[in-house]
Amino acid sequence: MTSSASFGGQGPLVSFQWHVYILKCTDDTYYVGRTTNLEDRMHRHNMGYVKYTSTRLPIQLIVFLSFADEWKAVQMEQYLKSGSGRAFAKKHFY
């Protein structure tokens, strides 16, 4: 959903509906994921419904980035899972 309201004369507000997030697990590994509902996704991680994190609880949300465009979110998730993306995240987020 995109709002038609304007912010400071800069045009319409954008609805950020895609989130890329990084979690830190108890074994000091990191999990990168993408969702449209961050609150629900965090709940599912904490309840043990996500295979990778279920044996690594509790988890800690390190950072999340929001995107209006699904393809941009997919690209960021893939980048953060790559070698250079992991190095970037380590330098800037951990």
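**Stop 1: the hairpin.** Start by selecting β1 and β2, which form a hairpin with 5 residues between them. You're looking at a predicted model, by the way. Now click on D28 in the turn: its phi is positive, about 65°, even though D28 is not a glycine. Is D28 buried or exposed? With a relative accessibility of 53%, D28 counts as exposed, because the cut-off for that label is over 50%.

**Stop 2: along the hairpin.** Next, colour β1, which covers residues 18-24. β1 and β2 run antiparallel, and 6 bridges join them. Want to see who faces whom? Select H19 and you'll find T35 of β2 standing opposite. Then move to V20, whose bridge partner in β2 is R34.

**Stop 3: the other side of β1.** Keep V20 selected and look towards β3. Which residue is the bridge partner of V20 in β3? That's L65. β1 and β3 also pair in the antiparallel sense, this time over 7 bridges. In general, strands of a sheet pair through backbone hydrogen bonds, either parallel or antiparallel.

**Stop 4: the whole sheet.** Show β1, β2 and β3 together. They make an open sheet of 3 strands in the order β2-β1-β3, with antiparallel pairing. The edge strands are β2 (30-35) and β3 (60-67), and each of them pairs on one side only. Tilt the view a bit to look for the twist, which averages 15° from one strand to the next. Add helix α1 (residues 38-46) to the picture: α1 packs on the sheet and touches β1, β2 and β3. The direction of α1 makes about 30° with that of β1. How many residues of β1 are buried? The count is 6 of its 7, so β1 is mostly covered, with buried meaning under 20% relative accessible area.

**Stop 5: a cis bond.** Go to the loop between α2 (51-54) and β3, where you'll find P58. Zoom in on the peptide bond from L57 to P58: this bond is cis, with omega near 0°.

**Stop 6: rings.** Turn on the side chains of Y21, Y31 and Y52, which form one aromatic cluster. While you're at Y52, add R56 to your selection. R56 lies over the face of the Y52 ring, at 3.9 Å from the ring centre.

The structure has 5 aromatic pairs in total. For another pair of rings, pick Y79 and F88: the ring centres are 6.1 Å apart and the planes are at 55°. Why is this pair called tilted? An angle under 30 degrees would count as stacked and one over 60 as edge-to-face, so 55° falls in the tilted group. Both residues are partly exposed: Y79 has a relative accessible area of 33%, and F88 is at 32% relative accessibility.

**Stop 7: zoom out.** Finally, show the whole chain as a cartoon. There are 4 helices and 3 strands, and along the sequence they follow the pattern β-β-α-α-β-α-α. Of the 94 residues, 29% are buried. Switch to a surface view if you like: the chain exposes about 6,300 Å², and carbon and sulfur atoms supply 54% of that. One last thing to picture is how the chain comes back to itself. Take the contacts between residues at least 6 apart in sequence: 50% of them join residues at least 24 apart.

Key
Residues numbered from 1 in each chain as written. Predicted model: local features only at pLDDT ≥ 70, side-chain atom pairs only at ≥ 80, totals over all residues. Heavy atoms only, no water. Helix = DSSP H or I, 4+ residues; strand = E, 2+ residues; numbered from the N terminus. Buried < 20%, exposed > 50% of the residue type's maximum accessible area, 1.4 Å probe, protein only. Contact = heavy atoms within 4.5 Å. Areas by Shrake-Rupley, 256 points an atom, 1.4 Å probe, with all protein chains shown as cover. Phe/Tyr/Trp six-rings, centres within 6.5 Å; stacked < 30°, edge-to-face > 60°. Lys NZ or Arg CZ within 6 Å of the ring centre and 35° of its normal. Pairing = 2+ DSSP bridges. Axes fitted to C-alpha atoms, helices over the stretch in contact; angles between N-to-C directions.
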